[in-house]
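Biologist: I'm new to this one, so could you walk me through it? Let me see it before I start asking.

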Amino acid sequence: MELDLREELAGFMAAREAELIAFRRDLHAHPETGYREYRTTSQVRQRLVAAGLRPLTLPKGTGLVVDVGNGPGGPGGPADGPVVALRADLDALPMPDEKNVPYRSTIPNACHACGHDVHTTVLLGAGLFLAELAAAGGLPGRVRLIFQPAEEVPGGALDVMAAGRIASVERIFALHCDPSLDVGKVGTRTGPITGACDKIRVRVSGLGGHTARPHLTADLVYALGKIVTELPAALSRRVDPRSSLSLVWGEVSAGLAPNAIPEEGFAAGTVRCLDEQVWHQAPGLLEDLVGSVASAYGVIAEVEYTRGVPPAVNEPASTTIVEAAAAQVLGPEALSTAPQSLGAEDFAWYLESVPGSLARLGTRTPGPGGGYDLHQATFDVDERAIGVGVRLMAATALAALRAGEASASERLADVVGA
Ligand SMILES: [Zn+2]
Ligand SMILES: [Zn+2]
């Protein structure tokens, strides 16, 4: 069986690789930004329907979800077996495409510079393979394919969750292109793999006046400067440095004249963090710190803290499943440890309620050169990564279904034994 899967996937990719690459190039040439993925949704829908599947579009009109297989008993059987979800994101970035390739973006100021066209194609390929397997009676459960909109906005993950589409999911998996990793390789990691990204905005106010008499005013610009410089330093003393909680200011403003102390000032920045617990404490902690610095200088500070994406924390057992699947269909030499990134990924929202794992998919052509990075206007991938991704996602779903079955029969044995 183990060897069979590797061969079956090789056969499937030999037959479908050219078609999948063409599919990716079509998406790449027609990128759509968050919540505008109508064409992309329709392209995916057509392929799924042609394979006999029944996708459901999400309430906002872009993105779709479809179940492959009916659980134990095959088609028409009871739909109460384990459900494992695989997720891809559909959206592009609002930036120009500066590549010189035949499949370059045809849409002004829209570009698949984060590889979501690859993720979508990989999930479609894995879904089509699993659908063939289900039709032949070889799928031991249900696999839910989630083609979510608006990862970059972010928030598409929350729409999928609000629509109740992960309520019965036992485990969830996704992958993301990694241009620093050679094609053929897969990066995995247990624990936090991507960071949280929140926004903080501080408004300080106080009595203004002449710069000749700061003692009669709240020396607001000085106080704002203290907040801006002392906060990042104080944070590093108040939380475990391993949480990588970091505050970086991007915007500071106050005053209009060199000899007048203003009555208000602003500072705004981002707060990034790799530790979920510390992330939950961050708003209160920052508010306390701002308050204590502000009161020392007699100014009033208001903090506006906007929550973004949480850290993506990979569950150990799910990560083991991805690693076992990769070793089975790609070979153990394909595996590497993914570094942590402070970039945010909205897959993190699913991981707050469902165990799962996000893996890195190598997209770099081996050898010198090819220095692409995500979110760059020249970003491109080695398209052999599509076949690697299809193999990995399909094998991961199967391994997770078997792990679900095994733990269910263990639970049953416990109940019967008791
Ligand atoms: Zn991105
Ligand atoms: Zn991305």
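What follows is a short run of questions and answers about this predicted model.

Biologist: Let's start inside. Which helix gives the most to the largest nonpolar core?

Modeller: That core has 68 residues, and those with the most contacts inside it are L48, L86, L130, L139, L145 and F147. Look along the chain for the top contributor and you land on residues 384–417, with 13 residues in the core. That stretch is helix α9.

Biologist: Which residues does L130 touch, leaving aside residues up to four places away in sequence?

Modeller: L130 is one of the residues with the most contacts inside the largest core. Leaving out those sequence neighbours, the list is V68, L86, L139, V143, A394, A397 and L398.

Biologist: And how many residues are in the second, separate core?

Modeller: Look for L245, V271, L286 and L289, which are among its members. Counting everything in that second core gives 31 residues.

Biologist: Now α5 and α6. How are they oriented to each other?

Modeller: Helix α5 covers residues 220–238 and helix α6 covers residues 276–296, with their axes 10 Å apart. α5 passes α6 in a right-handed crossing. Their packing angle is about 130°, and angles over 145 would be needed to count as roughly antiparallel, while 65 to 115 is roughly perpendicular. So α5 and α6 are oblique.

Biologist: How many nonpolar residues are in the contact of α5 with α6?

Modeller: From α5 come K226, I227, E230, L231, A234, L235 and R238. α6 brings L285, L286, L289, V290, V293 and A294. Sorted by class, there are no polar residues and 3 charged ones, and the nonpolar count is 10.

Biologist: Is R36 buried or exposed?

Modeller: You'll find R36 in the loop between α1 (2–29) and α2 (38–50). Its relative accessibility is 55%, and the cut-off for this class is over 50%. R36 therefore counts as exposed.

Biologist: How far apart are the C-alpha atoms of R36 and A134?

Modeller: Along the chain, R36 and A134 are 98 residues apart. In space, their C-alpha atoms are separated by 32 Å.

Biologist: One more loop residue: is D382 buried or exposed?

Modeller: D382 lies in the loop between β16 (356–364) and α9. Not counting residues up to four places away in sequence, D382 touches V183, T363, R364 and T365. Its relative accessible area is 9%, and anything under 20% falls in the low class. So D382 is buried.

Note on methods: Residues are numbered from 1 along each chain as its sequence is written. Chains are lettered from A and ligands numbered from 1 in the order in which they are written. This is a predicted model: local features need pLDDT of at least 70, side-chain atom pairs count only at pLDDT 80 or more; totals for chains, interfaces and linings use all residues. Side-chain values use heavy atoms; hydrogens and water are left out. A nonpolar core is a set of buried Ala, Val, Leu, Ile, Met, Phe, Trp, Tyr and Cys residues joined through side-chain atoms within 4.5 Å. Buried means under 20% relative accessible area, exposed over 50%, partly exposed in between (1.4 Å probe, protein chains only). Helices (H or I, at least four residues) and strands (E, at least two) are DSSP runs, numbered from the N terminus. Contact means heavy atoms within 4.5 Å. Axes are lines fitted to C-alpha atoms, for helices over the stretch in contact, and angles run from 0 to 180 degrees between N-to-C directions. Angles under 35 degrees count as roughly parallel, over 145 as roughly antiparallel, 65 to 115 as roughly perpendicular and the rest as oblique. A crossing is left-handed if the near helix is turned anticlockwise from the far one by less than a right angle, and right-handed if clockwise. Ala, Val, Leu, Ile, Met, Phe, Trp, Tyr, Cys and Pro count as nonpolar, Asp, Glu, Lys and Arg as charged, and the others, Gly among them, as polar.
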